[in-house]
Amino acid sequence: MTAHIHAIGTAVPDHDVHRLFIDWAAVRLEGRDRALFLRMAGRAGIEHRYSVVPRDPIETGGFYGGGRMPPTSERMRAYAREAPELALAAITDLGERAAIDGITHLVVASCTGFVAPGIDQIIARRLGLDGSVERTLVGFMGCYAAVAALRVAHHIARSDPQARILVVTVELCSLHMQDRPQLESLLAQLQFADGAAAALVSSEPGGIAIDRFFAATLPDSADLIRWDIGDEGFVMHLSGEVPGRIAQALDTPDLRRAILGNRTAEEIPSWAVHAGGRSILDAVEHGLGLGADALAASREVLRRHGNMSSSTLLFALAALMAGPSAIDGIAVAFGPGLAAEGFAIASL
């Protein structure tokens with residue numbers, strides 16, 4: 001049996017904070033660093049990023065108002081309150097695209113918060129799911145966690161023809177803003193945003209088939225992408241070396257074979273690549289020798305929403321599914337490790 005994604009729903013908060021962050025970050029830098037930050041922000045390929053915090057989180061009385069950096073405990077309370085709401089908005093959007101009755105399994109991925117009972121239990125309760133629904137929580141895997149969540153759903157669907165699996169990703173990256181006046185830190189924070197996605201997976205034919213999962217870890221790269229849990233949120237470390245290392249790795253036969261299988265890049269028309277940043281998409285495009293429009297769906301997700309960690313890949317898949325063309329291609333994401341994970345996709 002083959003697992004199929006029947007539909008994908010998405011959701012972002014109401015508050016666009018991209019320009020607010022650029023203005024806030026720029027005054028924390030001086031001279032050449034400020035000019036470089038503003039130039040990089042203008043070239044980032046991002047126009048909007050959304051946050052669950054109030055419309056102006058840095059104004060007096062705002063979540064980060066007056067230079068205040070909330071402790072991790074306060075950020076986690078906000079996560080416990082806001083993450084289920086955003087996840088349920090994505091599930092509502094999914095429900096407008098496919099019937100989501102009869103759910104037997106729930107798989108949730110998130111790396112931007114912790115709460116117990118888990119967010120999977122909160123979502124299940126809010127949806128009124130039966131207590132017998134089997135739940136799996138994929139935690140703290142970062143940007144490729146959607147692949148892990150879909151891999152779990154893939155194995156469930158292949159082993160149980162009656163299974164109807166709800167896959168949810170929800171990330172609140174904006175809860176972890178850091179007041180660190182270093183260029184690399186502010187450029188990393190420039191990418192991230194909040195978003196949620198929900199997908200219905202089963203072995204029943206329809207939508208897009210998912211198959212041939214792959215995973216690869218780049219050697220000597222563990223420190224290039226990290227989340228450290230600090231007293232004032234989760235601190236993101238995103239090295240400027242990441243795009244170059246990805247491009248370099250894509251030039252090796254082993255990683256190319258893992259991603260492409262027995263095909264060449266020219267033979268693969270459909271691509272859903274995690275929009276980790278413009279430089280990441282450029283590295284994949286150049287590393288695999290893709291055409292100028294091959295990553296159009298991923299670039300549009302980046303432009304409209306920024307990097308929503310694990311939710312981003314599902315946004316790109318949703319964009320492909322909404323397009324006029326049949327899908328025949330690859331979905332791939334990069335994250336901590338430094339690792340690449342993905343799978344093959346095809347319309348029926």
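This is a guided tour of a predicted model, stop by stop, with a selection to make at each one.

**Stop 1: Cys143**

Select Cys143. The UniProt record, an unreviewed entry, carries the annotation "active site" at Cys143. Cys143 sits in the loop that runs between strand S5 (134-139) and helix H5 (145-159). Is Cys143 buried or exposed? Its relative accessibility is 11%, so Cys143 counts as buried.

Now show what surrounds Cys143. With neighbours within four places in sequence left aside, the residues in contact with Cys143 are His274, Asn307, Ser309, Ser310, Ala333, Phe334 and Pro336. Keep Ser309 displayed, as a later stop returns to that residue.

**Stop 2: Phe140, in the loop of Cys143**

Stay between S5 and H5 and select Phe140, which lies in that loop. Phe140 is not a glycine, yet its phi is positive, at about 65°. Most residues other than glycine have a negative phi, and most peptide bonds are trans. Phe140 has a relative accessibility of 31% and therefore counts as partly exposed, whereas Cys143 counts as buried.

**Stop 3: Ser309**

Select Ser309, one of the contacts of Cys143. Ser309 is in the loop between H10 and helix H11 (311-322). What is the phi of Ser309? Ser309 has a positive phi of about 50°, although it is not a glycine. With a relative accessibility of 1%, Ser309 counts as buried.

**Stop 4: two cis peptide bonds**

Select Ala116 and Pro117. The peptide bond joining Ala116 and Pro117 is cis, with omega about 0°. Pro117 belongs to the loop between strand S4 (105-110) and helix H4 (119-127). While in this part of the chain, pick Val115 and draw a distance to Cys143: the C-alpha atoms of these two residues, 28 residues apart along the chain, are separated by 20 Å.

Next select Gly337 and Leu338. The peptide bond from Gly337 to Leu338 is also cis, and its omega is near -15°. Leu338 is placed in the loop between S12 and strand S13 (339-347).

**Stop 5: the annotated C-terminal domain**

Select residues 217-347. The unreviewed UniProt entry annotates this stretch as "domain: Chalcone/stilbene synthase C-terminal". Over residues 217-347, helix makes up 38% of the chain and strand 26%. The C-alpha atoms at the two ends of the stretch are 29 Å apart.

Within it, select Ser239, in the loop between strand S10 (233-238) and H7. Ser239 has a relative accessible area of 16% and is therefore buried. Apart from neighbours within four places in sequence, Ser239 is in contact with Glu184 and Leu224.

**Stop 6: helices H7 and H9**

Move from Ser239 into H7, and add H9 to the selection. How do the axes of H7 (residues 242-250) and H9 (residues 278-288) cross? The two axes come within 8 Å and cross at roughly 20°. H7 and H9 are therefore roughly parallel to each other, and their crossing is right-handed.

Show side chains at the contact. From H7, display Val242, Pro243, Ile246, Ala247 and Leu250; they meet Ser279, Ile280, Ala283, Val284, Gly287 and Leu288 of H9. By class, this contact between H7 and H9 has nine nonpolar, two polar and no charged residues.

Keep H9 and colour its buried residues: Ile280, Leu281, Ala283, Val284, Glu285, Gly287 and Leu288. Which elements cover them? The cover includes H7, helix H8 (253-260), strand S11 (270-273), helix H10 (296-305) and strand S12 (328-335). Just past the end of H9, Gly289 has a positive phi of about 70°.

**Stop 7: helices H1 and H2**

Finish with H1 (residues 18-26) and H2 (residues 31-42). Their axes come within 10 Å and cross at roughly 165°. H1 is therefore roughly antiparallel to H2. The crossing of H1 and H2 is right-handed, as is that of H7 and H9.

To see the contact, display Phe21, Ile22, Ala25 and Ala26 in H1, which meet Arg34, Phe37, Leu38 and Ala41 in H2. By class, the contact of H1 with H2 has seven nonpolar residues, no polar residues and one charged residue.

Key. Residues are numbered from 1 along each chain as its sequence is written. This is a predicted model: local features need pLDDT of at least 70, side-chain atom pairs count only at pLDDT 80 or more; totals for chains, interfaces and linings use all residues. Side-chain values use heavy atoms; hydrogens and water are left out. Axes are lines fitted to C-alpha atoms, for helices over the stretch in contact, and angles run from 0 to 180 degrees between N-to-C directions. Helices (H or I, at least four residues) and strands (E, at least two) are DSSP runs, numbered from the N terminus. Angles under 35 degrees count as roughly parallel, over 145 as roughly antiparallel, 65 to 115 as roughly perpendicular and the rest as oblique. A crossing is left-handed if the near helix is turned anticlockwise from the far one by less than a right angle, and right-handed if clockwise. Contact means heavy atoms within 4.5 Å. Ala, Val, Leu, Ile, Met, Phe, Trp, Tyr, Cys and Pro count as nonpolar, Asp, Glu, Lys and Arg as charged, and the others, Gly among them, as polar. UniProt positions are given in the numbering used here, feature names are shortened, and annotations may be inferred rather than shown by experiment. Buried means under 20% relative accessible area, exposed over 50%, partly exposed in between (1.4 Å probe, protein chains only).
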